[in-house]
Amino acid sequence: MARARDVTNGAGLLLDWMVSIHERDQVSSADALGTNLERARPAAARRQKDAHRLVVNADTMRANVGRTAA
């Protein structure tokens, strides 16, 4: 949970950086990108290991999309 908060907070910084990159030194926030990637790496690795256990039920997905389509 602590890492999730760190990554979430870092994401906000990076989004702000994208909007105003032309207004300031690009290098000042470049470290934040690397830090965020390092913090997210363990969670991404765990999700990758879990992905093979996902089961897709196409009929159920189709029915759900049909119920919510406008």
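Four salt bridges were found in a search of the whole structure, which is a predicted model. Side chains of opposite charge can pair when their charged atoms come close.

One of these pairs lies in helix α2, which spans residues 30-51. Here the side chains of R41 and E38 form a salt bridge, with an N to O distance of 2.5 Å. The two residues are three positions apart, about one turn of the helix. R41 has a relative accessible area of 51% and is exposed. E38, at 48%, is partly exposed. The cut-off explains the split: exposed means over 50%, so R41 falls just in that class.

A second salt bridge joins helix α3, residues 58-68, to no other element: D59 and R62 both belong to this helix. The closest N and O atoms of D59 and R62 are 3.0 Å apart. About one helical turn separates D59 from R62, because they are three residues apart in the helix. D59 is exposed, at 57% relative accessibility. R62 is also exposed, with a relative accessible area of 57%.

R47, D50 and R53 are linked in a network of salt bridges. Within this network, the side chains of R53 and D50 meet at 3.1 Å, N to O. R53 counts as exposed, at 59% relative accessibility. D50 is partly exposed, at 26%.

Helix α1 covers residues 2-19 and contains A11. A11 is partly exposed, with 31% relative accessibility. A11 and L37 are 26 residues apart in sequence. Their C-alpha atoms are 10.0 Å apart in space.

How values were computed
Residues are numbered from 1 along each chain as its sequence is written. This is a predicted model: local features need pLDDT of at least 70, side-chain atom pairs count only at pLDDT 80 or more; totals for chains, interfaces and linings use all residues. Side-chain values use heavy atoms; hydrogens and water are left out. Helices (H or I, at least four residues) and strands (E, at least two) are DSSP runs, numbered from the N terminus. Buried means under 20% relative accessible area, exposed over 50%, partly exposed in between (1.4 Å probe, protein chains only).
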